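User: I am a first-year student and would like a close look at one part of this structure. Please take the open sheet, with its edge strand, and then say what surrounds the ligand.

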Amino acid sequence: MKHTTLRDLDVSRIGLGTMGMSFGYTGAGTDDAESVRTIRRALELGVTFLDTAEIYGPYANEELVGRALKGHRDQVVLATKFGMISHAYGGPGHLDSSPANIRTAVEGSLKRLGTDRIDLYYQHRVDPNVPIEDTVGALAELVEQGKVRHIGLSEAGPDTIRRAHAVHPVTAVQSEYSLWTRDVEERVLPVLRELGIGFVPYSPLGHGFLTGAIRSPEQFDDTDWRKTNPRFTGENFRRNLRLADEVQAVATEVGATPAQVALAWLLAKGEHIVPIPGTKRVARVEENIAADGIELTAERIGKLDNLPPAAGEHHNEEQMQMIER
Ligand SMILES: NC(=O)c1ccc[n+]([C@@H]2O[C@H](COP(=O)([O-])OP(=O)(O)OC[C@H]3O[C@@H](n4cnc5c(N)ncnc54)[C@H](OP(=O)(O)O)[C@@H]3O)[C@@H](O)[C@H]2O)c1
């Protein structure tokens with residue numbers, strides 16, 4: 001496994017997202033033993049970058065990651081997120097990036113993860129009620145105390161990124177980026193390049209859609225996040241299938257799988273772009289990590305660049321309001 005850096009933080013070229021092991025997708029939480037095996041297999045194969053958040057579960061995913069990392073903690077760069085649970089007001093689903101909430105959240109995450117430091121601590125969504133300077137000020141204190149090593153932002157807009165970075169260096173920004181979600185290319189990636197901040201694409205497989213494994217919305221149970229997502233419903237779902245078919249066609253040409261093509265395309269977008277594909281299955285983590293060895297020709301990258309846009313937004317209306325703030 002190759003390595004790269006997010007600013008000055010060394011990470012494997014591909015990381016592992018653990019959210020779907022406990023949260024969000026059909027089957028989450030049904031086979032923790034396989035999830036733990038998946039994390040351990042990723043480590044064996046050289047992955048050193050794991051991604052979780054306190055809201056995943058809530059809490060259950062950090063606990064699972066903590067269990068899987070017993071005896072392996074020093075092998076990984078452990079990233080988690082705060083700010084989608086207000087510990088004093090409202091609980092899960094309430095944005096709160098106030099300094100007081102961060103100080104409470106970090107203690108819970110450290111405990112669940114079974115560690116004395118978080119390597120990369122992200123604000124999960126920008127909180128419109130708290131100036132970013134106050135949030136980053138509180139994070140800088142945690143860095144001074146040794147509880148956090150690096151700080152990050154998720155789905156922040158360019159101005160917020162600049163303001164945050166002026167208070168304390170931001171190591172990475174994490175936002176959705178994949179063959180069918182390209183919004184960050186216009187305004188966010190240029191700022192990150194200018195400031196020397198790393199980028200972590202989340203949902204790099206399009207929540208599984210780009211792998212070709214999802215052919216019908218009937219595959220989702222009622223708790224699945226995709227069940228009500230605009231791209232995965234009704235006519236949009238049917239229209240989007242041709243995107244998955246085009247990725248499959250390129251995969252056939254290069255002798256890879258569609259998941260590997262989707263990841264190789266992201267790797268080609270920049271040296272400091274580190275995708276975190278999510279899976280709860282050993283066989284798929286092996287497949288996804290192998291994308292590290294796949295190089296696409298300029299012609300194939302161009303073909304993928306020119307895929308038709310997806311039908312439907314990548315989040316529902318309420319969630320879209322929290323993006324690029
Ligand atoms: N910052 C944020 O707001 C945010 C939001 C969403 C996600 N994230 C992070 O990003 C990580 C990855 O995103 P994601 O999990 O949403 O989406 P993703 O990585 O695009 O796709 C995950 C889905 O694809 C399936 N899958 C994975 N590998 C596959 C393969 N080789 N073939 C077929 N299907 C495959 C998984 O199913 P199985 O598990 O059944 O294999 C799962 O349903 C998350 O785990 C989380 O850590 C962050």
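Analyst: What follows treats the sheet, then one edge strand, then the ligand.

This is a predicted model, in which local features need pLDDT of at least 70 and side-chain atom pairs count only at pLDDT 80 or more, while totals for chains, interfaces and linings use all residues. Residues are numbered from 1 along each chain as its sequence is written, and side-chain values use heavy atoms, leaving out hydrogens and water.

Helices (H or I, at least four residues) and strands (E, at least two) are DSSP runs, numbered from the N terminus. Strands of a sheet pair through backbone hydrogen bonds, either parallel or antiparallel. Here 7 strands make an open sheet with parallel pairing, in the order β3-β4-β5-β8-β9-β10-β11; two strands pair if DSSP finds at least two bridges between them. The edges are β3 (16-17) and β11, each with a single partner strand, so one side of each has no neighbour in the sheet. Elsewhere in the sheet, β5 (residues 77-82) and β8 (residues 118-123) pair in the parallel sense over 4 bridges, and Lys 81 stands opposite Tyr 122 in β8.

Now the edge strand β11. Its pairing with β10 (residues 172-176) is parallel and runs over 5 bridges; Gln 174 has Val 200 in β11 as its bridge partner. Between β10 and β11 the chain passes through helix α6 (residues 184-195), a right-handed β-α-β crossover. Right-handed means that, with the strands pointing away from the viewer, the path from the first strand over the helix to the second runs clockwise.

In β11 (residues 198-202), 5 of the 5 residues are buried, so the strand is largely enclosed by the rest of the structure. Buried means under 20% relative accessible area (1.4 Å probe, protein chains only). Gly 198, Val 200 and Tyr 202 point one way, Phe 199 and Pro 201 the other way, and all are buried.

Last, the ligand. There are 31 residues around it, of which Tyr 25, Asp 51, Leu 205, Thr 279 and Lys 280 come nearest; a residue counts as near if one of its heavy atoms lies within 4 Å. The shell divides into 10 nonpolar, 13 polar and 8 charged residues, with Gly counted as polar. Helix α9 (residues 282-289) gives the largest share, 3 residues. An oxygen atom of the ligand is 2.6 Å from an N or O atom in the side chain of Asp 51, and an oxygen atom of the ligand is 2.7 Å from such an atom of Lys 280. The protein buries 94% of the 910 Å² that the ligand exposes when taken alone, by the Shrake-Rupley method with a 1.4 Å probe.

Key:
Polar contact = N/O pair within 3.5 Å; in protein donor to acceptor, adjacent residues only side chain to side chain. Buried < 20%, exposed > 50% of the residue type's maximum accessible area, 1.4 Å probe, protein only.
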